[in-house]
Amino acid sequence: RWGCGCPASWGRTMGQETPAVAPDFTCPALLPISLIATLNLGQLKELEVPRLGHSDVHVKMLAAPINPADINMIQGTYAILAPLPAVAGNEGVGRVLEVGPGVTALRPGDWVIPADAGLGTWRTQAVFPEASLLQVPSDIPLLCAATLSVNPCTAYRMLADFESLAPGDSVIQNAANSGVGQAVIQIAKATGIRTINVVRDRPDLPKLVERLKALGADHVITEDMLRKPEMKEIFKVPRSAQCCGARSSKLLAASCHAHMGLGTHLGEADLTSCFLQSAFIFRDVRLRGFWMTQWKKDHAHDKESLSSMMDTLCQLVQRGQLGAPACTTVPLEDFKEALVASTQPFTSSKQVLLL
Ligand SMILES: NC(=O)c1ccc[n+]([C@@H]2O[C@H](COP(=O)([O-])OP(=O)(O)OC[C@H]3O[C@@H](n4cnc5c(N)ncnc54)[C@H](OP(=O)(O)O)[C@@H]3O)[C@@H](O)[C@H]2O)c1
């Protein structure tokens, strides 16, 4: 259960202790109070923002997406949960307003994104520790910055770490119209890797196919088309696959060829058990899970890996090779509609709160 109430710690990172300092001002933030299934999805509260500490950064939040992990957190089903009450939102971008005297790398006007999950981004202003933030260029499109730290990073890591891919190799993915999927298509295209993209059938399929091809998709097919014999020709090539969703992933595994890595970025209880035994036993298909949050934890002291990934992604954005996913922007006040919309199938558009 998500609690309500408004302690003086609002405006700080979830789960972190807050010094007892007098608040300067208040700002609205989104406070979920009950399960998503009830459609009573949260509250906007005026929260106290504490004075700036020595190593703190006062941030005006600009935009924050609603990702599946945010919904899972609100539902209480995610692998990490914030102590309640908490401000929701794991991703977003903000502009630095003011920095504490001990802040070394950030200045007013800089754009920042969360260094890790759990920051509580669905609010208008906040005071965060400098260490919880990463700087991004302030000349990239707002929606790119707001959606950079989760899906493009996940896509990048899965393409870079799962199999040794070279230009001309192919990968196959389902949920290709998701935020992750769109990032996979664009990053793969920029690095010469071909993509076979599986989406669920829908009335406006031709429009979606056209949109994904415009991003650089080589093939866009439906799950039903996956089963057709002629698809075998296409599936001779892929070296790596990314998947989410049990039924859909099973179809992907059935299509995989020998000695192929199959990565999954969705924690689903029945995912591993659903795979065809024949894929594992007779074709040596290997399944590997991935969690961006864990990768960041594992590389907390490896600043080089993190900054190299972020630099590469920002350069792709600046060169016009990596755009934001298709988005619907929504004022914070309309968060309930946005939360409901984010849980609907076949929308192909990420809800982004404007803060
Ligand atoms: N492990 C990690 O580190 C990590 C990081 C980022 C994302 N993820 C996961 O990756 C997935 C995509 O995230 P996102 O932010 O890119 O999502 P998103 O933009 O909100 O899109 C959701 C996608 O999931 C598809 N989908 C929903 N239910 C499905 C099902 N039962 N079978 C097949 N496809 C289904 C939707 O397809 P339709 O259009 O057909 O409804 C849509 O393409 C989520 O499950 C998310 O939790 C994991």
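## A loop residue to start with

Ala175 sits in the loop that links strand E8 (170-173) to helix H4. Helices (H or I, at least four residues) and strands (E, at least two) are DSSP runs, numbered from the N terminus. The model you are looking at is predicted: local features need pLDDT of at least 70, side-chain atom pairs count only at pLDDT 80 or more, and totals for chains, interfaces and linings use all residues. Residues are numbered from 1 along each chain as its sequence is written.

Is Ala175 buried or exposed? Ala175 is buried, because 21 other C-beta atoms lie within 10 Å. The cut-offs work like this: a residue is buried if 20 or more other C-beta atoms lie within 10 Å of its own, exposed if 12 or fewer, and partly exposed in between, with C-beta atoms placed from the backbone. Ala175 also has a positive phi of about 45°, although it is not a glycine.

## The chain as a whole

Let's step back for a moment. The protein chain has 13 helices and 15 strands. Of its 355 residues, 44% are buried.

Contacts tell us about the fold too. Two residues are in contact if their C-beta atoms, placed from the backbone, lie within 7 Å. Among contacts in the protein chain between residues at least 6 apart in sequence, 69% join residues at least 24 apart.

## Helix H4

Now follow the chain on from Ala175 into H4. This helix covers residues 179-190, so it has 12 residues, and it reaches 17 Å from its first C-alpha to its last, close to the 16 Å expected at 1.5 Å a residue (the expected span is 1.5 Å times one less than the number of residues). After H4 comes Gly192, with a positive phi near 80°.

How many of the 12 residues of H4 are buried? The count is 10, and H4 is mostly covered. The buried residues are Gly179, Val180, Gly181, Gln182, Ala183, Val184, Ile185, Gln186, Ile187 and Ala188.

## H3 meets H4

Two packed helices are described by the angle between their axes and the distance between the axes. For helix H3 (residues 151-161) and H4, the axes come within 8 Å and cross at roughly 55°. That crossing makes H3 oblique to H4. Axes are lines fitted to C-alpha atoms, for helices over the stretch in contact, and angles run from 0 to 180 degrees between N-to-C directions. Angles under 35 degrees count as roughly parallel, over 145 as roughly antiparallel, 65 to 115 as roughly perpendicular and the rest as oblique.

Which residues make the contact? From H3 come Asn151, Pro152, Thr154, Ala155, Tyr156 and Leu159, while H4 brings Gly179, Val180, Ala183, Val184, Ile187 and Ala188. By class, this contact has 9 nonpolar, 3 polar and no charged residues. Here Ala, Val, Leu, Ile, Met, Phe, Trp, Tyr, Cys and Pro count as nonpolar, Asp, Glu, Lys and Arg as charged, and the others, Gly among them, as polar.

## Unusual backbone spots

Most residues other than glycine have a negative phi, and most peptide bonds are trans. Phe346 is worth finding with that in mind: its phi is near 65°, a positive value in a residue other than glycine. Phe346 lies in the loop between helix H13 (335-342) and strand E15 (350-354), and is partly exposed because 13 other C-beta atoms lie within 10 Å.

For the peptide bond, look at Leu84 and Pro85. They are joined by a cis peptide bond, with omega about -5°. Pro85 is in the loop between helix H1 (68-75) and strand E4 (93-99).

## Partners from elsewhere in the sequence

Ala338 lies in helix H13 and counts as buried, with 21 C-beta neighbours inside 10 Å. Leaving aside neighbours within four places in sequence, Ala338 is in contact with Ile66, Val330, Gln351 and Leu353. Ala338 and Leu353 are 15 residues apart along the chain, and their C-alpha atoms are separated by 7.8 Å.

Thr328, in strand E14 (residues 327-331), is partly exposed, with 14 other C-beta atoms within 10 Å. Setting aside neighbours within four places in sequence, Thr328 is in contact with Ala341, Ser349, Gln351 and Val352.

Leu44 belongs to strand E2 (residues 43-50) and is partly exposed, with 16 C-beta neighbours inside 10 Å. Not counting residues up to four places away in sequence, Leu44 touches Pro28, Leu30, Leu332 and Glu333. The C-alpha atoms of Leu44 and Leu30 are separated by 4.6 Å, although the two residues are 14 residues apart along the chain.
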